[in-house]
Amino acid sequence: MTDIQQTVYIVEDDEAVRDSLELLLKSDGKSVKPYENAMAFLKDYSDQMAGCIVLDIRMPGMDGMELQKKLNEKHSILPIIFVTGHGDVPMAVDAMKEGAVDFIQKPYREEALLEKIEAALAQDREQRKSLDEKQEIIRRIKTLTPREHEIMDRMIAGQANKVIAIELEISQRTVEIHRSRVMHKMGTHSLAHLVRMVLSVKDLIDAR
Amino acid sequence: MTESVSANSEVTVLLVDDNPQNLKVLYETLKDKGYRLLIANEGEKALDLAHRHQPEVILLDIMMPEMDGYEVCQRLKADPATADCAVVFLSALDDLQAKVKGFSLGGADYISKPFQSLEVIARVKTHAQVIRLERQLQARNRELQSDQTRILNSISEGIYGLDEHGNIEFVNPAAALIARSTVDELVGRNFFELHFPDSQESDTLPVQATCRQGVAENQRNIPMARVDGSRFPAEYRATPKLDNEELHGAVVVFRDITTDLENEAALEEAQALVQEQRDQLAHTSRLTTMGEMAAGFAHEVNQPLTAITNYARVAKRIMSKQEAPDMSLLAETMDKIEAQSHRASEIIRRIRRFVKKPATGKEILSVPALLEDTRQFAEVDMRNNEGGIELMVPDALPDVLADPIQVQQVALNLIRNALEASRSASVVQPVKVSAELDGAGCVRVQVRDHGVGLPEDAEEKLFLPFYTTKSDGMGIGLATCRSLIQAQGGDIGFDRPEDGGACFYFTLPVAGEERALSAANGAE
């Protein structure tokens, strides 16, 4: 999952704004997908989507803020750039608190918008990369046998082989074999690296 | 009256004779008839008694020493106090000449001596009755005359009686006061020369037609001169004075309307001020509305501007391509830019027209077009409304006569209120705007929502200034709406629909209908 195609999702009720933005981003070589309202996007949403959302804050029916809430409920990590009008700053501040990456005020300069979109896409890539790495770690952890998992936990806690052997009432030799299997399955040679890897996914594991 | 006379009450009879025997006989004859009887045996005494008691009847002997009956009679007739009493001469002189002389001096009757008592009684009775009736009549006349004089004197309007040449025959005190003169000075002067001194011979003067042709006149604000040469604006009515269909001049009733005109001018000024303030308030209220909608408008204008910026960038990219630029795509993009700039200028035009200061005045309006325009206007504000606005207007609706901006202001106010009420109640039903022809020559526009509804005391208070049910309201909107609609000759009000929400309506008079126009004027 290295070089996934990123798409800019435009959610904008105004046809002219939507159409012109689509043309503009396409002419810049971006993959673009326009939606004319929040409901249409929500229906289409999947966690496989990569890229960012350019979201109009004011829309009839479901507005941008509501869509952001709905996406947060779905644990979406798609970065959102809110497009605001004059006088919408308080709304934009609320949106930022809810985790939006940025906002831009209409009418905007192309450079500013593209810059923000680039930043959002980079953030998306980062998040996706680290997410991929974590998922790899979790996948590896899942390949461990219960005994191996237990021994890994004790290794991370800093117990020496001898202590582990005594406490588990097995031979020190057996501990050593398990230990090398854990290192092999987790794809590392260093205990320090193993500790870092496991701690990085601790929250994800705890969440399960 | 006849009864009282037959009873002879209050009737005084004076008996005058130098002969005591005669006096005695007369006294005996009349004493039981109920008269008050006075007796004199000589002329001077008779005159004195008559002057003091003013008897109805005097039986007067002709042949008397000192002053004879003729002289007594003459002097009685000369004294206004006794001039009206009936003098009945008594004399043995039964000749024609003596009788004629007696009548010529004012005598009423003649009784010859020796008299018959029945004759004396009958004649005294007759004359007493005549004099009594005459005196009553005179008293009544005096009463009437003084009534008339009192009335004419107390009228504050000036009254002239003119002959056919315009010469003043009668003046009441008010007329003299207005002309700054006296009644005596004015009588005999010529009305036209006095009050219209600068007029030319050829001019047709006020009241002339009444004096000459018997045509009644009624005019206002006519400049008239006073005796001192100053002028005053007058209102007058001239009525021909007719006697058996023959013209005898005119009666002119007039007054000085200086104060009236001043009051009218002040009233007009006050009305103009009220109108101006109403327009000012309406304008302020429109500006307030625009202020409330500012964010919406900024958004509305920013949409096409954003699109234009984007399209322009796209166009530049197309042109900067190394290989041959796609001219048809470029043209398409340019067309889009043009369309968006029209869109932006249309929004700005609409705002400008709405906040334009002076009301444009009444014109013939198409209600569906006005409502469609207003709906687009209001949509700026309804981005958070799920239901939106639904417009239902029949095709065949007559035009109305009204001020377009003020009507739009009212419609916008009602629609925005309805949107707000719907929003507060989080309802999904749209705000329904409809128009129809009502029975009374008016177009009725209705704005119906399913929102929070109206408070209980809305009937008494809703259209009053400073009454509001909104936490951030000023209470100006509906009060202004009412004054604006009334100025169009229409009506504004609301109903409480059974299934909740509120329904506001206003009416506008159909253009060209007499009834509608007069109603419009009546409301001014």
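**Two open sheets in chain B and the contact with chain A**

In this predicted model, chain B has a mean pLDDT of 84, with 92% of its residues at 70 or more. Two stretches of chain B deserve a more cautious reading. Residues 1-8 of chain B have a pLDDT below 50, and this stretch makes 11 contacts in the model beyond near neighbours in sequence. Residues 514-524 of chain B likewise have a pLDDT below 50, here with 15 contacts beyond near neighbours in sequence. For the complex, the predictor reports an ipTM of 0.72 and a pTM of 0.55.

Chain B contains an open sheet of five strands whose pairing is parallel, and a walk across this sheet meets the strands in the order β2-β1-β3-β4-β5. At its edges are β2 (36-40) and β5 (109-112) of chain B, each of which pairs on one side only. On average, neighbouring strands of this sheet are turned by 20° against each other, direction ignored. For a closer look inside the sheet, strand β3 (residues 57-61) and strand β4 (residues 86-91) of chain B make a handy example: the two pair in the parallel sense over five bridges. Readers following along in the structure can locate this pairing at B:I58, whose bridge partner in β4(B) is B:V87.

An open sheet with antiparallel pairing is also found in chain B, with five strands in the order β7-β6-β10-β9-β8. Its edges are taken by β7 (168-171) and β8 (217-225) of chain B; each has a single partner strand, so one side of each is left without a neighbour in the sheet. Direction ignored, neighbouring strands of this sheet are turned by 30° against each other on average. The partner of the edge strand β8(B) is worth tracing: β8(B) pairs in the antiparallel sense with strand β9 (residues 231-243) of chain B, over seven bridges. Within this pairing, two prolines face one another as bridge partners, B:P223 and, in β9(B), B:P233. As a general reminder, the strands of a sheet pair through backbone hydrogen bonds, in either a parallel or an antiparallel manner.

Turning to the interface, 19 residues of chain A are in contact with 19 residues of chain B. On the side of chain A that touches chain B, helix α1 (residues 15-27) of chain A provides the largest share, seven residues. By residue type, this side of chain A comprises nine nonpolar, six polar and four charged residues.

Technical notes: Residues numbered from 1 in each chain as written. Chains lettered and ligands numbered in written order. Predicted model: local features only at pLDDT ≥ 70, side-chain atom pairs only at ≥ 80, totals over all residues. pLDDT = per-residue confidence, 0-100. Contact = placed C-beta atoms within 7 Å. Pairing = 2+ DSSP bridges. Helix = DSSP H or I, 4+ residues; strand = E, 2+ residues; numbered from the N terminus. Axes fitted to C-alpha atoms, helices over the stretch in contact; angles between N-to-C directions. Nonpolar A, V, L, I, M, F, W, Y, C, P; charged D, E, K, R; others polar.
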